[in-house]
Amino acid sequence: MSAASRAPQRSNRAFQYSAGAPQRSTRAPRVRRRAALAAGAAAAALLLSACGSGATSGGGGDTNFVTGSDGISTVAGGERDAAPDLSGKTLEGERLDVADYRGKVVVLNVWGSWCNPCRAEAKYFAKVSEEYADRGVQFVGINTRDTSTGAALAFEKDFGITYPSLYDPTGKLMLRFEKGTLNPQAIPSTLILDRDGKIAARTLSPLSEERLLKMLEPVVAEK
């Protein structure tokens, strides 16, 4: 083989090496892109359930809850799961831990100021929270998908909501609930925790005052 015929082969090998080098250097960005895509998929999944008119989810498999025709899921006292760690900063920037309310019945409401069904139910939560404040009931909001606290605070002022709300813009608190339990899967969602901090009831749809009391009063009556 002549020197002239060998030269292109050497040049081709040099090109292959130089083309391969960027592939090795872009592995880390590719990993980051895959992680970003996965995070985006998770966020998209939550968006699909965001601010809807609600859904029903029945028991089955290893779950212990039963969903009525009204969309309210309940669990018998001895079969309830404990709520996860729900702590962080409120919309006002103060530290709050739901576990500190152990001994009280806690009403957890997941909401966003941008959510029309949340607006529809807000006046009922404001009213019932005040009426049951002296009956050992504590309301706590979980504000999500608001990019700043300003709109959320204005929402609370407009509807006369005086109880605290944890600020959870990315939905991290919602993801702490284990699958197969009465976890919040939509916005709005409402959960009732019994006096031991266990999940007694849940709905994935906006509530009227009548339906809110239907969830709350049986748990308040428990001894």
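Which residues do ring pairs link into a cluster? In this predicted model, the cluster consists of W111, F155 and F159.

A search of the whole structure finds four aromatic pairs. In one of them, W111 and F155, the ring centres are 4.5 Å apart and the planes meet at 25°; planes under 30 degrees apart count as stacked, so this pair is stacked. The pair joins distant parts of the chain, since W111 belongs to strand β5 and F155 to helix α4, with their positions 44 residues apart. W111 has a relative accessibility of 3% and therefore counts as buried. F155 is buried as well, at 2%. The second link in the cluster runs from F155 to F159, a tilted pair with 4.9 Å from centre to centre and 50° between the planes. Both of these residues lie in helix α4, four residues apart, or about one turn of the helix. F159 has a relative accessibility of 24%, so F159 counts as partly exposed.

Two members of the cluster, W111 and F155, also appear in the lining of the largest cavity. The structure holds one cavity of 30 Å³ or more, and the volume of the largest cavity is about 40 Å³. Besides W111 and F155, the lining includes N109, C118, E121, A122, F125, I161 and Y163. Strand β5 (105-111) and helix α3 (116-131) each supply at least two lining residues. The largest share, four residues, comes from α3. By class, the lining has seven nonpolar residues, one polar and one charged.

W111 leads on to strand β6, because W111 is among the contacts of N143, a residue of that strand. N143 has 0% relative accessibility and so counts as buried. Leaving aside neighbours within four places in sequence, N143 also touches L91, G112, S113, A152, L166, Y167, D168 and P169.

Two points of backbone geometry remain. R145 is not a glycine, yet R145 has a positive phi of about 65°. This residue sits in the loop between β6 (137-143) and α4 (149-159). R145 counts as partly exposed, at 23% relative accessibility. The other point concerns the peptide bond from I187 to P188, which is cis, with omega near 5°. P188 is found in the loop between β7 (165-167) and β8 (189-193).

Notes
Residues are numbered from 1 along each chain as its sequence is written. This is a predicted model: local features need pLDDT of at least 70, side-chain atom pairs count only at pLDDT 80 or more; totals for chains, interfaces and linings use all residues. Side-chain values use heavy atoms; hydrogens and water are left out. On a 1 Å grid over the protein atoms alone, a cavity is a set of points where a 1.4 Å probe fits but cannot get out, and a pocket is an open set with protein on both sides within 12 Å along at least five of seven lines; lining residues have an atom within 4 Å of a point. Grid points are joined across faces, edges and corners, and a volume is the space filled by probe spheres set on the points. Ala, Val, Leu, Ile, Met, Phe, Trp, Tyr, Cys and Pro count as nonpolar, Asp, Glu, Lys and Arg as charged, and the others, Gly among them, as polar. Buried means under 20% relative accessible area, exposed over 50%, partly exposed in between (1.4 Å probe, protein chains only). Contact means heavy atoms within 4.5 Å. Rings of Phe, Tyr and Trp (its six-membered ring) pair if their centres lie within 6.5 Å; planes under 30 degrees apart count as stacked, over 60 as edge-to-face and the rest as tilted.
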